[in-house]
Amino acid sequence: MYKDDTIAAISTGMSNSGIGIVRISGAEALQIIDQIYSGKEKLFHVSSHTIHYGFIKDGDETIDEVLVTVMRAPRTFTGEDTVEINCHGGVFVVKKILETVVRYGARLAEPGEFTKRAFLNGKMDLSQAEAVIDVIHSQNEYALKSSISQLKGSVKEKISKIREEILYHTAFIETALDDPEHISVDRYGEKLSVIVEELSSQLHELIESSENGRIIKEGIQTVILGKPNAGKSSLLNVLSGHERAIVTDIEGTTRDVLEEQVQIHGLNLNIIDTAGIRDTDDVIEKIGVDKAKEYADDADLIIYVADASRKLDDNDKKIIELIQDKKTIILLNKSDLHTVLDKEFLDSYIRESYGMVQNGQESFPIIEISAKEERGIQDFENVLISMFLGGNISFNNEVYITNMRQKMALQEAYHSLERVLESINAQMPEDFYSIDLIDAYEALGSITGETIGEDLVNEIFSKFCMGK
Ligand SMILES: Nc1nc2c(ncn2[C@@H]2O[C@H](COP(=O)(O)OP(=O)(O)OP(=O)(O)O)[C@@H](O)[C@H]2O)c(=O)[nH]1
Ligand SMILES: [Mg+2]
């Protein structure tokens with residue numbers, strides 16, 4: 001699987017910039033650089049982790065003035081001898097240096113090949129390697145923090161611990177079955193079932209965390225619903241900080257759906273403003289209303305904008321039906337006007353229509369706001385943060401699974417452990433336990449990369465960018 005030739009790539013972006021970096025990794029990195037570098041001394045003998053001023057030359061021709069970093073194996077990203085040429089960041093000059101490096105013996109790296117080498121050389125496990133790409137693609141504070149935590153090994157540690165425990169018990173069963181005279185598995189099932197249940201619940205927690213993981217990575221799919229003129233578009237404008245949507249006092253102003261990305265306390269919201277929900281004969285508006293309902297179905301969050309200056313009507317009632325099983329925040333808008341609809345009434349109406357027993361708790365969070373005067377928005381943001389991520393903005397080392405591949409492996413392992421429990425309950429022979437334990441062990445191993453085939457490794461790293 002492992003090729004040990006020397007590879008090179010441009011590791012910085014392909015646009016004109018202050019500096020550009022050409023990275024070389026492999027056993028011949030130093031021989032290659034010494035053929036094209038001219039400075040105070042040859043780099044082959046310099047100490048590791050030092051920087052050297054000089055020029056890159058192709059024969060007599062000077063290509064650029066550079067700083068060259070020399071890092072010797074094994075204390076490098078790839079685990080191999082690594083040279084980084086810091087040159088002036090013009091696209092043409094960086095390319096020319098790369099071409100020269102290749103001409104003197106390096107091979108052009110494939111996308112992700114540096115990180116792949118880091119993985120194959122044991123510098124990091126697969127979950128950490130995957131975190132590298134996530135760091136690069138992070139779009140917000142949470143995504144970055146979560147990727148960094150994975151990069152530092154949070155997922156790896158958690159999974160390794162669970163695997164160790166599974167392995168210990170599998171080994172015990174196997175040994176006992178081989179040597180029944182000395183090791184007894186009598187009543188071992190009882191003991192094992194307690195442990196397996198605990199491990200299953202840890203896996204379950206990780207699988208559940210992927211919901212937050214997805215939200216962190218891709219943003220909260222948010223749909224604003226409300227009857228015409230409630231102030232949905234006004235709200236979108238306030239949240240996005242600019243006049244994104246047309247606002248008028250004419251009912252049915254928004255007819256199509258509008259999308260806007262908004263960041264709130266480091267969370268991304270993909271907000272969709274919709275046509276006001278009402279029964280209408282207007283063909284175009286009707287399509288808009290149907291679309292609004294469709295989007296609401298797929299949303300992670302619904303913001304129901306109710307109008308405090310008007311009585312609850314049939315359109316509101318339709319919306320209340322629509323949001324019954326959805327994560328919803330209700331904004332009681334136009335609280336600056338004379339209000340005829342209050343929070344308590346709305347709450348009790350909703351509880352009644354859902355048949356909820358009165359127990360003092362609100363049906364959905366209801367917040368009084370004024371989109372016009374931009375009041376109540378902070379309260380909304382606070383509720384939002386506590387609804388997602390449980391209000392935890394500090395990110396105290398939780399492990400969030402953000403990766404589909406990892407999630408699927410976790411599910412597979414979880415099901416295997418469920419089968420172990422079934423076998424124990426059915427009082428099956430002990431070797432049945434170990435078969436499913438091993439399956440769980442292997443599934444988890446694919447997360448860290450210990451039990452994974454070459455094809456999959458190649459596929460994972462091919463998604464990386466050039467030079468990483
Ligand atoms: N007084 C007051 N007026 C508001 C408030 N929010 C919105 N409005 C006004 O209400 C009217 C309707 O606002 P829009 O934001 O267009 O309402 P909408 O829900 O998007 O309406 P449609 O697109 O027609 O469904 C406009 O005249 C706004 O200026 C508010 O908080 N207070
Ligand atoms: Mg509108």
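The exercises below work through a helix, a metal site and a surface patch in a predicted model.

**Exercise 1.** Determine how far helix H1 is enclosed by the rest of the structure, and name what covers its buried residues.

*Solution.* Begin with the residues of H1, which spans 29–36, and apply the cut-off that buried means under 20% relative accessible area. The residues that count as buried are Ala29, Leu30, Ile32, Ile33, Asp34 and Ile36. Since these make up 6 of the 8 residues of the helix, H1 is largely enclosed by the rest of the structure. Next, look for the cover over these buried residues, which includes strands E2 (17–25), E3 (37–39), E4 (50–58), E5 (61–71) and E6 (82–89), together with helix H2 (91–103).

**Exercise 2.** Identify the residues that coordinate the magnesium ion (ligand 2), and decide whether each is buried or exposed.

*Solution.* The coordinating atoms are OG of Ser233 and OG1 of Thr254, at 2.0 to 2.1 Å from the ion. Placing them along the chain shows that the pair links distant parts, because Ser233 belongs to helix H8 (residues 232–240), whereas Thr254 sits in the loop between H8 and strand E9 (258–264), 21 residues apart. For the last step, Ser233 has a relative accessible area of 8% and is therefore buried, and Thr254, at 13%, is buried as well.

**Exercise 3.** Describe the nonpolar patch formed by Ile51, Tyr53, Phe55 and Leu67, and classify Tyr53 by its accessibility.

*Solution.* Together the four residues have about 390 Å² of accessible area on the surface. Strand E4 gives the most to this patch, with 3 residues, and Tyr53 lies in that strand. With a relative accessibility of 48%, Tyr53 counts as partly exposed, because exposed requires over 50%.

Methods. Residues numbered from 1 in each chain as written. Chains lettered and ligands numbered in written order. Predicted model: local features only at pLDDT ≥ 70, side-chain atom pairs only at ≥ 80, totals over all residues. Heavy atoms only, no water. Buried < 20%, exposed > 50% of the residue type's maximum accessible area, 1.4 Å probe, protein only. Helix = DSSP H or I, 4+ residues; strand = E, 2+ residues; numbered from the N terminus. Contact = heavy atoms within 4.5 Å. Donors = N, O, S within 2.8 Å, 3.2 Å for Na, K, Ca; no water. Patch = residues over 30% accessible without salt bridge, like charges linked within 9 Å, V, L, I, M, F, W, Y side chains within 5 Å. Areas by Shrake-Rupley, 256 points an atom, 1.4 Å probe, with all protein chains shown as cover. Salt bridge = Lys/Arg side-chain N within 4 Å of Asp/Glu carboxyl O.
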